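Please open the structure in your viewer and keep the sequence panel visible. This tour proposes a series of selections and describes what is found at each.

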Amino acid sequence: MNELDQAAIVAAARALEAGALVAFPTETVYGLGADAESPAAVARIYEAKGRPNDHPVIVHLAPGADLSYWASEIPAEAHALVAAFWPGPLTLILKRASHIPDAVSGGQDTVGLRCPSHPVAMALLSAFKGGKGGVAAPSANKFGNVSPTTAQHVRDEFDGDVGQGPGNGARIAAVLDGGSSQVGIESTILDLSRLATHGPVLLRPGHISAKQIADVIGQMPGLPDQSAPRASGTLESHYAPKAPVALIAGAAVVETLAALQARQRQVAVIHYSAIALGGAQAILPGDPVGYAYGLYAALRAMDQTGADLILVEAPPQGEAWLGVNDRLRRAAFGSAGTIEKFLQA
Ligand code: TXA
Ligand code: MG
């Protein structure tokens with residue numbers, strides 16, 4: 001990091017301390033940050049995103065932060081996972097300490113904590129309140145949209161709302177540019193707040209797998225039940241581009257595309273196998289890590305072609321692909337039947 005970057009990071013930390021919003025890179029996706037201990041600052045995040053204010057946000061901590069300041073109960077499993085995976089793409093849901101504002105937890109009695117590994121995020125969190133603060137940050141996109149993995153994606157989402165300016169409390173003081181997020185999909189979320197009664201529960205799959213977690217705590221995380229903490233990233237419809245998204249098997253891509261084009265439909269395709277296609281397309285790597293890295297940029301790019309439909313070659317199943325398949329399923333939610341509708345029209 002050069003000196004200019006460090007100066008911009010310190011300025012951003014001061015803006016956060018003053019209650020402003022700052023967008024910053026993490027290794028998963030870009031976050032839209034505010035002082036987690038200021039309900040007024042956290043309210044500005046909801047306003048900027050257009051997000052319902054009963055949805056909890058993750059609190060980002062500097063490396064070495066004191067968990068007991070934020071959480072009232074810290075099981076041994078939490079300490080073991082922190083030692084194994086922080087800084088990194090794992091969010092832990094723990095019982096919230098009583099002085100932590102309701103605003104960050106959407107009124108629930110828990111708090112989501114994570115220490116990101118992106119160097120700019122770590123520098124920002126270390127500069128903010130001398131490394132003792134927490135930065136509440138959801139992904140830096142409008143509610144329901146695809147998460148941003150570059151600074152330009154953030155600017156595209158918030159168009160006129162970036163920079164110093166008069167009035168509008170929901171303006172974003174700065175967007176720190178840290179290049180493309182290395183992981184590309186949001187952190188794994190593990191609920192440890194009901195360990196005694198429900199065991200560890202995987203609320204959102206991500207780069208850190210259930211198996212890796214089990215290797216550390218000696219127990220495979222379960223799937224969410226009815227009473228699991230609510231999480232907006234776990235809404236059925238989320239991470240969605242403007243165009244409908246349809247997932248189809250690789251063997252059916254060429255034929256389906258031809259049939260849709262014969263009906264004058266503009267179709268953009270995201271694929272990973274070597275299929276020869278004409279028209280708008282994005283090819284992603286055939287491994288889950290490389291695929292996740294490129295997924296959101298590909299969804300945005302294909303959406304920008306103005307296509308009527310984004311056709312996605314369904315990735316393989318299997319544990320390593322869980323995070324990718326989870327995001328694609330949510331992106332495609334609500335688009336069921338689109339291919340059939342277009343073919344009948
Ligand atoms: O990788 C990430 O987690 C990114 C980067 C910026 O850190 N953040 C992110 O934030 O994806 P967001 O708000 O888009 O999704 C966070 C998810 C939401 O589904 C939210 O409901 C859940 O975490 N969450 C946060 N605190 C929670 C809590 N106390 N209980 C249950 N879910 C919680
Ligand atoms: Mg999000």
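**First stop: a proline in a helix**

Select Pro 288, which lies in helix α10 (residues 288-304). Helices (H or I, at least four residues) and strands (E, at least two) are DSSP runs, numbered from the N terminus. The model is a predicted one, in which local features need pLDDT of at least 70, side-chain atom pairs count only at pLDDT 80 or more, and totals for chains, interfaces and linings use all residues. Residues are numbered from 1 along each chain as its sequence is written, chains are lettered from A and ligands numbered from 1 in the order in which they are written, and side-chain values use heavy atoms, with hydrogens and water left out.

Is Pro 288 buried, partly exposed or exposed? Its relative accessibility is 21%, so Pro 288 counts as partly exposed. Here buried means under 20% relative accessible area, exposed over 50%, and partly exposed in between (1.4 Å probe, protein chains only). Accessible areas come from the Shrake-Rupley method with a 1.4 Å probe, and for residues only the protein chains shown count as cover.

Now display the surroundings of Pro 288. Leaving aside neighbours within four places in sequence, Pro 288 is in contact (heavy atoms within 4.5 Å) with Ala 320, Trp 321 and Val 324. Then select Lys 142 as well: from C-alpha to C-alpha, Pro 288 and Lys 142 are 26 Å apart in space, and 146 residues separate them in sequence.

**Second stop: a covered helix**

Select helix α11 (residues 322-332), which is mostly covered, with nine of its eleven residues buried. Val 324, already met as a contact of Pro 288, is one of these buried residues, and Asn 325, Asp 326 and Arg 327 are also among them. Which elements do the buried residues of α11 pack against? They pack against β10 (201-204), β11 (245-248), α10 and β14 (309-313).

Move on to Gly 334, just after α11, where phi is positive at about 90°. Further along, Gly 337 occupies the loop between α11 and α12 (338-344). With a relative accessible area of 39%, Gly 337 is partly exposed. Select Gly 286 for comparison: Gly 337 and Gly 286 are 27 Å apart in space, C-alpha to C-alpha, and 51 residues apart in sequence.

**Third stop: the nonpolar cores**

A nonpolar core is a set of buried Ala, Val, Leu, Ile, Met, Phe, Trp, Tyr and Cys residues joined through side-chain atoms within 4.5 Å. Select Leu 32, Leu 81, Leu 90, Leu 92 and Leu 113, which have the most contacts inside the largest nonpolar core, a set of 45 residues. Helix α2 (residues 39-49) gives the most to this core, with five residues. A second, separate core has 25 residues, including Leu 284, Ala 292, Tyr 296 and Ile 310.

Tyr 296 leads to the next selection, Thr 149, in the loop between β7 and α6 (151-158). Thr 149 counts as buried because its relative accessibility is 3%. Not counting residues up to four places away in sequence, Thr 149 touches Tyr 296 and Ala 297, and its other partners include Thr 28, Val 29 and Ser 180.

**Fourth stop: backbone angles**

Most residues other than glycine have a negative phi, and most peptide bonds are trans. Select Trp 86 and Pro 87: the peptide bond between them is cis, with omega near -10°. Pro 87 is found in the loop between α4 (76-85) and β5 (90-96).

Next, select helix α5 (residues 119-127), whose buried residues include Val 120, Leu 124 and Leu 125. Just after α5 comes Lys 129, with a positive phi of about 50°. Lys 129 is partly exposed, at 31% relative accessibility. Gln 264, in the loop between α9 (253-262) and β12 (267-271), also has a positive phi, of about 65°. Its relative accessible area is 64%, so Gln 264 is exposed.

**Last stop: the whole protein**

Zoom out to view twelve helices and 14 strands. The radius of gyration (taken over C-alpha atoms) is 20 Å, and the globule rule, 2.2 Å times the number of residues to the power 0.38, gives close to the same 20 Å for 345 residues, so the protein is as compact as a globular protein of that length. Along its principal axes the C-alpha trace spans about 60 × 50 × 35 Å. Of the 345 residues, 54% count as buried.
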